[in-house]
Amino acid sequence: AWYSRYLKDAAPGFKLMVSEEPKPEIYDHSDYISDGQVDIWLPVLHHYNPAISHDRKKNHGEDTWIYFLHGTRPPYFNPITLDHPGIESKLTGWFLWKYRIGGIAYYSLNNWSKNPWTDPMTSSHNGDLFMLYPPSETNMPISYGANNHRFVPSIRFELMRDSLEDYEYFYVMNDSSQPRVNVVNAPDAQVDKIIKGVASYTRDSQFMYNLRRLIGLYIGGEIAAIPDIAPAAAHPRAKGSPGNYY
């Protein structure tokens, strides 16, 4: 609170991101004297509280992004590590729209202190420190320009890109507007079919791809409405009464 106050005094146009969830210990502190002293709050997903973040956005003009750690474990999704299913990377854009989150941050795209091609494990988890691979599978330097100056993206990175393209679908469907907090936006009914809650998601990849196909047809004017589809039940007991098998 003290730091944000005097930073704003010295450089009012300088945006400040704090890697903490918005919490009263900071924004209700006596040194936190004006809205927007912290421009962007950055909670790790498993500390994210939508109600508080939405209040800070709507009533105080403060945005929230999210980030992930290797400790972001089930029931939360995690697009970062190799130890989570690929569908979790595809959830990213849908989650950002659902909760009106302004962006994501990640602290280590290319830590190649050891060769990730052959040794991806760090502290008993895989892939946490890299989303890009070195161009040489031996992790040795290559000749300048030998691969047209391109990194090697991980599958996780490409699936996350797919999810952000889905976000662009929602943006177009919403009259080329970002979603607003506490306002029903046009794509919400479709996004809710994939993101049920902060720790509850539809993991049926085929259903997701079919839904995004229908959204694309709707945006392109090829269908007049998006059918109200639902994923197939994944367990026989989910089909019967009372229908609440988990």
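This short talk covers one pair of packed helices and a few salt bridges in a predicted model.

I will start with the helices. Two packed helices are described by the angle between their axes and the distance between the axes. Here the pair is α6, residues 155–173, and α8, residues 205–219. Their angle is about 35°, and the axes lie 10 Å apart. As for handedness, α6 and α8 cross in a left-handed way.

Which residues make the contact between α6 and α8? On the α6 side they are D162, D166, Y169, F170, V172 and M173. On the α8 side they are Y209, R212, I215, G216, Y218 and I219. Sorted by type, the residues of this contact are eight nonpolar, one polar and three charged.

Please keep D166 and R212 in mind, as they come up again now. These two residues form a salt bridge, and their closest N and O atoms are 2.7 Å apart. R212 sits in helix α8 and D166 in helix α6, so this salt bridge joins distant parts of the chain, 46 residues apart.

Is R212 buried or exposed? R212 has a relative accessibility of 15%, and because buried means under 20%, R212 counts as buried. D166, at 3% relative accessibility, is buried as well.

That is one salt bridge. How many does a search of the whole structure find? The search finds 13. I will show two others.

One is between D228 and K193, with the closest N and O atoms 3.4 Å apart. D228 is in the segment after α8, while K193 is in the loop between α7, residues 188–191, and β10, residues 195–197, so this salt bridge ties together parts that are 35 residues apart in sequence. The two partners sit in opposite settings: D228 is exposed, with a relative accessible area of 72%, whereas K193 is buried, with 10%.

The other is between K23 and E21, where the closest N and O atoms are 3.6 Å apart. E21 has a relative accessible area of 18% and is therefore buried. What do E20, E21 and K23 form together? Salt bridges with shared partners join these residues into one network.

To go back over the main points: α6 and α8 pack at about 35°, and their crossing is left-handed. A salt bridge between R212 and D166 links α8 with α6. Away from that pair of helices, I showed D228 with K193, and K23 with E21.

Conventions: Residues numbered from 1 in each chain as written. Predicted model: local features only at pLDDT ≥ 70, side-chain atom pairs only at ≥ 80, totals over all residues. Heavy atoms only, no water. Axes fitted to C-alpha atoms, helices over the stretch in contact; angles between N-to-C directions. Helix = DSSP H or I, 4+ residues; strand = E, 2+ residues; numbered from the N terminus. Left-handed = near helix turned anticlockwise from the far one by under 90°. Contact = heavy atoms within 4.5 Å. Nonpolar A, V, L, I, M, F, W, Y, C, P; charged D, E, K, R; others polar. Salt bridge = Lys/Arg side-chain N within 4 Å of Asp/Glu carboxyl O. Buried < 20%, exposed > 50% of the residue type's maximum accessible area, 1.4 Å probe, protein only.
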